[in-house]
Amino acid sequence: MTSCKVRYLIFFQYYGSKYSGVTKTPPHQPGQGVQNYLEDAIRRLRPVNEVCVSVSSRTDAGVHALCNSAHLDLQRRGDLPPFPEEVLTDAINYHLKPEPIRVIKACRVPEDFHARYQATGRTYLYRLMTGVSHHAQLPVFESRLCWPLRHADLDIEAMQAAGMVLLGQHDFSTFRALNSDTPFKSPVKTLLRAEVTVGQDSFTPHSFRRGMRCWELTFQSRSFLYKQVRRMTGAMVAVGLGRLTLSRLQELLEARDSLAFPQNMSAPPDGLFLKRVDYEDSGTVRSDKDREGATRILVNSGPQAGQSVLWVSSHFIWPIP
């Protein structure tokens, strides 16, 4: 009897500062991608088939993920049964040590399931820290996890208004950077959420912050263009600092020209997090426990009323020495 090949959907998180991005890079390249380490860890499970992890959402160098996703196929040797989902999660994490990458959850899915094309939504979070007069004042646990701004005050109402300008369906050509995929991807996207809120506290006590304040920008869409979130963040911050007017922001949006975006206005990668990836719960994405009749993994219907959306929640992992 031969073991069958099984497809899994995995949710994973990572501290992105030490990686070239999430996608795989050639072995000779100095900086490796998160995908390189995931595939190396899975190969140590000694599957029969060639290991290939298909990541749902691209993140660039320095960008973090609270929850990204990918699918992969595994066929065990001989007549060994498929890995139970929790066992697979623990096994991959064991072989990922000491990298700051963690698999949060694994789910068996149909053999034609695709993590990228069947995702119904993605949410990004961008963290700002205002009032940082010198980079040395930034708490150590905020290093590379936010964009430190010298200015203590941002016009949050103006930034919210800027988010409203960007909401809805638009040609976002001005807000994408050019790359090899540009000719093959439509610049028309529907932005469902663009808001500014007070940021969550870190491990650093307020007494050490010395006037610094954290803000979070949240963006939600089915998909995003290359560096779109960083450009939108930079533009909204420029509005908050009084360096860009709402009318000029509207003009940039209507220009539909990547080269029209002002130089040096894009936000740096450090404060950007992929927060979640959503899938429709059509009965195809289920956990072992669900098939046994126990409690389902967390289902949230908030972002898309009337639909049941699968979302694995997570907490950020701090870098491992």
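A colleague and a modeller talk through a few spots in this predicted model.

Modeller: Some ground rules: residues count from 1 along each chain as its sequence is written, and side-chain values use heavy atoms, without hydrogens or water. As the model is predicted, local features need pLDDT of at least 70 and side-chain atom pairs pLDDT 80 or more, while totals for chains, interfaces and linings use all residues.

Colleague: Is helix H1 (residues 34-43) largely enclosed or not, and how many of its residues are buried?

Modeller: Helices are DSSP runs of H or I with at least four residues, strands are E runs of at least two, and both are numbered from the N terminus. Buried means under 20% relative accessible area, exposed over 50%, and partly exposed in between, with a 1.4 Å probe and protein chains only. Among the buried residues of H1 are Val34, Leu38 and Ile42. H1 is largely enclosed by the rest of the structure, because the buried ones number seven of the ten.

Colleague: Which backbone nitrogens lie 3.1 Å and 3.0 Å from a polar atom of the Thr174 side chain?

Modeller: Thr174 sits in the loop between strand S7 (168-171) and strand S8 (188-198), and it's buried at 1% relative accessible area. A polar contact is an N or O pair within 3.5 Å; within protein, one atom must be able to donate a hydrogen and the other to accept it, and residues adjacent in sequence count only if both atoms are side-chain atoms. At 3.1 Å you have the backbone nitrogen of Arg256, and at 3.0 Å that of Asp257.

Colleague: Why is the Phe172 and Phe175 pair put in its class, and what is that class?

Modeller: Rings of Phe, Tyr and Trp (its six-membered ring) pair if their centres lie within 6.5 Å; planes under 30 degrees apart are stacked, over 60 edge-to-face, the rest tilted. That rule gives eight aromatic pairs. For Phe172 and Phe175 the centres are 6.3 Å apart and the planes at 75°, so the pair is edge-to-face.

Colleague: Which residue has a positive phi in the loop between strand S9 (213-221) and helix H4 (228-240)?

Modeller: Most residues other than glycine have a negative phi. The one in that loop has phi of about 60° and isn't a glycine. With a relative accessible area of 29%, it's partly exposed: Lys227.

Colleague: Which residues does the cis peptide bond join?

Modeller: Most peptide bonds are trans. Here omega is about 0°. The proline involved is in the loop between H2 and S4, and the bond joins Lys97 and Pro98.
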